[in-house]
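User: I'd like to go through this model with you, starting with whatever you think is worth a look. Could you show it first?
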4 protein chains.
Amino acid sequence: MTDDSREHVLPDSDEELETADVEGFDFTGDITLDTVLDSYATTGFQATALADAIDIVERMQDDEATIYLTCTSNIVSSGLREIVAALIREGHVDVLITTSGSLTEDVIKTAKPFKMGSWDADEAELREKGINRLGNIYVPSDRYVWLEEYLNDFFEDFFAEEPVRTPTDFAAELGATLDDENSILKQAADNDVPVFCPALTDAEVGNFLYYYRQQAEEDIGIEILEDYETLIEDGMLANKTGLIALGDGVPKHHAIMTNLFRGGADYAVYVSTGMEGDGSLSGAPPEEAVSWGKIKNADKNYTQVEAEATLVVPLLVAQAFEF
Amino acid sequence: MTDDSREHVLPDSDEELETADVEGFDFTGDITLDTVLDSYATTGFQATALADAIDIVERMQDDEATIYLTCTSNIVSSGLREIVAALIREGHVDVLITTSGSLTEDVIKTAKPFKMGSWDADEAELREKGINRLGNIYVPSDRYVWLEEYLNDFFEDFFAEEPVRTPTDFAAELGATLDDENSILKQAADNDVPVFCPALTDAEVGNFLYYYRQQAEEDIGIEILEDYETLIEDGMLANKTGLIALGDGVPKHHAIMTNLFRGGADYAVYVSTGMEGDGSLSGAPPEEAVSWGKIKNADKNYTQVEAEATLVVPLLVAQAFEF
Amino acid sequence: MTDDSREHVLPDSDEELETADVEGFDFTGDITLDTVLDSYATTGFQATALADAIDIVERMQDDEATIYLTCTSNIVSSGLREIVAALIREGHVDVLITTSGSLTEDVIKTAKPFKMGSWDADEAELREKGINRLGNIYVPSDRYVWLEEYLNDFFEDFFAEEPVRTPTDFAAELGATLDDENSILKQAADNDVPVFCPALTDAEVGNFLYYYRQQAEEDIGIEILEDYETLIEDGMLANKTGLIALGDGVPKHHAIMTNLFRGGADYAVYVSTGMEGDGSLSGAPPEEAVSWGKIKNADKNYTQVEAEATLVVPLLVAQAFEF
Amino acid sequence: MTDDSREHVLPDSDEELETADVEGFDFTGDITLDTVLDSYATTGFQATALADAIDIVERMQDDEATIYLTCTSNIVSSGLREIVAALIREGHVDVLITTSGSLTEDVIKTAKPFKMGSWDADEAELREKGINRLGNIYVPSDRYVWLEEYLNDFFEDFFAEEPVRTPTDFAAELGATLDDENSILKQAADNDVPVFCPALTDAEVGNFLYYYRQQAEEDIGIEILEDYETLIEDGMLANKTGLIALGDGVPKHHAIMTNLFRGGADYAVYVSTGMEGDGSLSGAPPEEAVSWGKIKNADKNYTQVEAEATLVVPLLVAQAFEF
Ligand SMILES: NC(=O)c1ccc[n+]([C@@H]2O[C@H](COP(=O)([O-])OP(=O)(O)OC[C@H]3O[C@@H](n4cnc5c(N)ncnc54)[C@H](O)[C@@H]3O)[C@@H](O)[C@H]2O)c1
Ligand SMILES: NC(=O)c1ccc[n+]([C@@H]2O[C@H](COP(=O)([O-])OP(=O)(O)OC[C@H]3O[C@@H](n4cnc5c(N)ncnc54)[C@H](O)[C@@H]3O)[C@@H](O)[C@H]2O)c1
């Protein structure tokens, strides 16, 4: 009976594959950041994606691409805030696109730290104590009391210039008031990196804009078309562009959508926990953006690392950039 | 040797549990939508979450809560668009919060359908043919050519009234021009359901706003603070509120954040593919929002169904609402 | 400046797509299981995958394929146990492949139910009370006390026949002792459906085999090669084969691996929460199995529904099978 | 109107939290494996879980715990094979539990490498060429032709000793024939580390056992109860135990289930991509095992890193073990 089956179980193959051998780190030589991460290229699965990401980010720089960093707000909730600030400080990033929680939390952290917490908490009890939970990070409510005061002073000057302002102005002028080398907004202000945030209302800065507006004499506003024009046109003027997306959502899409105007980003690296099968923008791999012309179709110019960002971003930054 | 181990392997238990028995549909009786979905309550895992969601949505209605529906753009890319439109048409939803792709795609679909496609496509080839891919859905580029023309006509009138407008006005006035009973924007316009969309630029409607603005005589703009005020204040005026979040991102957060002002939503149902462990807002279960006071802590007033929305939303709507 | 960009933003497309329009259920007509699920075919994303799965399972039957059902143990923990039993009872399934927890829990449920519980529990407290948690399902420890007694009686007879037995014999003879129409093992025994379970030790039935063996006079054993031979050879004798995999792991792989001997399964439907990017067998979509020859490459003969099984299996079974 | 809302938006909080500040790596000092990974403890989300995992694995060793390493087969497909071999070579692991693909592939790799490939492949074309795909890893079919020959020689001697053998004997005797320092089986054989693999049939070694058995004179077999006894009893004799689970499935469950007999594992670290909400064993976090008594409930003695293993295991091993 078995004879029939052999051709199925053991089909011929005289194919010679020219690709690298799969081979991992074997802990016989030096154990350094370099040697360990070098081995990722041939370790397979997501390790290989991380090695590709490092390579692509290096090539962005060799090519003097305009680098867009996009991040979700929880990146700033976490310790990756300091890494994003360092990238801007060292001139490694040209454009930042994010959501409103990032602005909120970066400002708070210039004055008061977030605290390590626990995933499994009694949330009703936390509410009693005025402790807000973000995953395994805790933010006591006094941070927001402080923030409102700080922002109210800032709003006074900010809206005195003009009653209707843009999110990029908001970020730049707010950043200029801050005094913390680890602040993303401060580094962005100091290094002329624009910070785009179209949905500026959707976090505590929005809440305090609301309260401020209630008692403001003039009809203050936040206008978002002007920023969109700037983002599109700066992209069209760039020689080459490269995207590094930490998390997904509006910021990632904002970067690829505006790169469409220039015929697509030249390089793209996504770090994402999104699920492709839900048809979401967040879960869509870079390949999908190629069909739209949002990313160019060249040789290994994009990749996606399927990972929670805190695990891989410090490694990616340490290997792909000079400090 | 075994004696030692028995107390570990077989600990005492004289606990009587009062909860329901786990018991699934056994296909011996009538097989209808009702009988099958009734069995979900005691089927366990996510089936039970879906049964809870149905129950909570029924209780929202009994309680005459103001119902907020939030959805990501891909919900509108998919056939769930027709379901959202039906919910608004029948008066089941009071507030809609979404992202800009929803507006874009709802308008296109009033004129030209999206087409079924395939997840595994050669994206470079699709780009050649001018076919854009959204998961397993294809959108030929001619849809966007049509859209630009349609919007240009609309923009003319819309910005003639005033040069700086809000996203809710944009949605309402655009919806009023449409002629398709399955259109979300049309139903929203007809039924006075406001459509909030703070990041209005981040999709093709934004692209065409950009092109239009380039050649407009006046300095047109989109202002987002006024909508935020309306959303907050309408929430504070509501007697009870209930949230139904289809997908996550900015729309879901916008609903819970503005419900904070009233002391939290009274009911909340999330349908989500988010991952809790990434610390994202998208992945955060309703419990996390309780610590922030964005959702109230009452008896079984919230749940999350961990599922891709197209699989469960038709069932949830069919069971929880009257048509 | 904008002129340059138009060809990128609005590429030509005179492509006519022949596929169906994306169109969802609009709640204007009859709302039944049939009408709702019919709409899934054109709803997109995973709904379309479920519609495809229903179609493929119908074609398996039209083609009189030998149907392999594979399931993980938690399927039996949940209310899907009753559905699997019903499928066997009605003659819809020819081979069952599973893991050892399925056997354990199916037997317990013939005597004592599992109880609905909660995901968020204080586990140390549950341990104190002798309550074991499986997701949102609770199993009080007395169930295992009962099970040991029941199995000890059974083992006596079972190993008296021969000291070294196979997992399929174990399942068949155990099933024959049971008295519960909702029991998978009983239905399998009554309907001559073999139950394969290579890792038979890896659950409480294994624990009680261990205890029994400690005090048995003879050297009892469980031998697994003979079952593997049967599974392979029955597959080779089948005219056509179809796989329905509820969950992943060893059972799913066992089915596709043994189908390799016949040149691949003719049809395959996976219901899975696995992640493709981890390179696991569990996350590997059916496409990967095609490269191995484990699934045939024909026209739409396989699909994967990315979903937690309790949500979709009752629907799949209700639509694809006759009761 | 706003006054009402302030107590909701800004609740009191005079809570002083004693936990660490959230603070990430800021790239101002030395950039080494140590400094980068040290920062993970206060980076939040999964980075903190990885830092906890490193800490727990260090404590396992300080406590001289018997260390169980469990892994799925794809770990061995990837370059993590070399790392597992190194751990055994250096005496860091006492027990290995895995599935059958691990044995299959470890042996092949002693003779012929696996090759780097691509996730997006034309699977039917690969089948034509006799190339099997495992995620982004390719295995040409000639590897299996070689394996069958190798195993046939081995089987001759192996079953000559006794016709019915155990998986641990299989692994040990097979390992002893191998000549490759990077081989897991060779290192296990040399270092007296037992390799448990209850579902030994479920991979190519099973296929070749089947073919061999067809033409064997005697009735050969694989018996699995004896191994289960050994695993349980060795666990009960251990002073302390620690589990490191790379991936989930049968191997992870086998480790925690047999640790139940001794009252639970003292330490446990999971690296997993499983989804809790599917109620699976694979997705169940260590907390669930506490309710069963499979893991002890002590102070920070367990954690789960939600990550694809290739990304984090090299880092975990580099930091937690001495080489
Ligand atoms: N700390 C906060 O997260 C916070 C605070 C205040 C307000 N908000 C608001 O909530 C809304 C939604 O937040 P968002 O749009 O910033 O993103 P999000 O949290 O909704 O995440 C979007 C997607 O990004 C990916 N992602 C998120 N975290 C990741 C990680 N750690 N690693 C890899 N991928 C990851 C996932 O695919 C996720 O679904 C925004 O308007 C934001 O301003 C958030
Ligand atoms: N069709 C489109 O998706 C589309 C089109 C044009 C523009 N855009 C823009 O892209 C940006 C990002 O899109 P977004 O914010 O609407 O959401 P998104 O696609 O980024 O999804 C956000 C999160 O919602 C959840 N989710 C998404 N789809 C789901 C589903 N089917 N079932 C269950 N949960 C699901 C996931 O957690 C996901 O990470 C927005 O600005 C949007 O306007 C999207």
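Analyst: This is a predicted model, and a place to begin is D:C197, which is buried, with a relative accessible area of 1%.

User: And which cysteine sulfur is nearest to that of D:C197?
Analyst: The nearest one belongs to D:C71 and is 9.8 Å away, and D:C197 is in no disulfide. A disulfide here needs two cysteine sulfur atoms within 2.5 Å, and by this rule the count over all chains comes to zero.

User: What about B:C71, buried or exposed?
Analyst: B:C71 is buried, its relative accessible area being 1%. B:C71 is in no disulfide either, with the sulfur of B:C197 as the nearest cysteine sulfur, 9.8 Å away.

User: Back in chain D, what does D:T98 touch?
Analyst: Leaving aside residues up to four places away in sequence, D:T98 touches D:C71, D:T72, D:L103, D:V195, D:F196, D:C197, D:P198 and D:P251. D:T98 lies in strand β2 of chain D, which covers residues 95-98, and is buried with a relative accessible area of 2%.

User: Which side chain does the side chain of D:T98 make a polar contact with?
Analyst: That partner is the side chain of D:S102, at 2.6 Å. In addition, the backbone oxygen of D:C71 lies 2.7 Å from a polar atom of the D:T98 side chain.

User: Switching to the interfaces, how many residues of chain D are in contact with chain A?
Analyst: There are 86 residues of chain D in contact with 86 residues of chain A. The area buried between these two chains is about 7100 Å², and carbon and sulfur atoms give 64% of that. On the chain D side, D:F27, D:F45 and D:M116 lose the most area to chain A, together accounting for 12% of what that side buries.

User: And the polar part, how many salt bridges are there between chain D and chain A?
Analyst: The count is four salt bridges; one of them joins A:K115 and D:D21, whose closest N and O atoms are 2.8 Å apart. Across the interface of chain D and chain A, 33 residue pairs are found in polar contact, both residues at pLDDT 80 or more. Helix α15 of chain D, residues 309-320, gives the most to the side of chain D that touches chain A, with seven residues.

User: Last one: what turn lays chain D on chain C?
Analyst: A turn of 180° with a shift of 0.0 Å along the axis does so, at an RMSD of 0.0 Å. The two copies are thus related as by a two-fold rotation axis, and the same surface serves both, since 100% of the contact residues of chain D recur in chain C.

Conventions
Residues are numbered from 1 along each chain as its sequence is written. Chains are lettered from A and ligands numbered from 1 in the order in which they are written. This is a predicted model: local features need pLDDT of at least 70, side-chain atom pairs count only at pLDDT 80 or more; totals for chains, interfaces and linings use all residues. Side-chain values use heavy atoms; hydrogens and water are left out. Copies are superposed by least squares on the C-alpha atoms of residues with pLDDT of at least 70 in both. Contact means heavy atoms within 4.5 Å. Helices (H or I, at least four residues) and strands (E, at least two) are DSSP runs, numbered from the N terminus. Buried means under 20% relative accessible area, exposed over 50%, partly exposed in between (1.4 Å probe, protein chains only). A polar contact is a pair of N or O atoms within 3.5 Å; within protein, one must be able to donate a hydrogen and the other to accept it, and residues adjacent in sequence count only if both atoms are side-chain atoms. Buried area is the accessible area (1.4 Å probe) that two parts lose on being put together, summed over both. A salt bridge is a side-chain nitrogen of Lys or Arg within 4 Å of a carboxyl oxygen of Asp or Glu.
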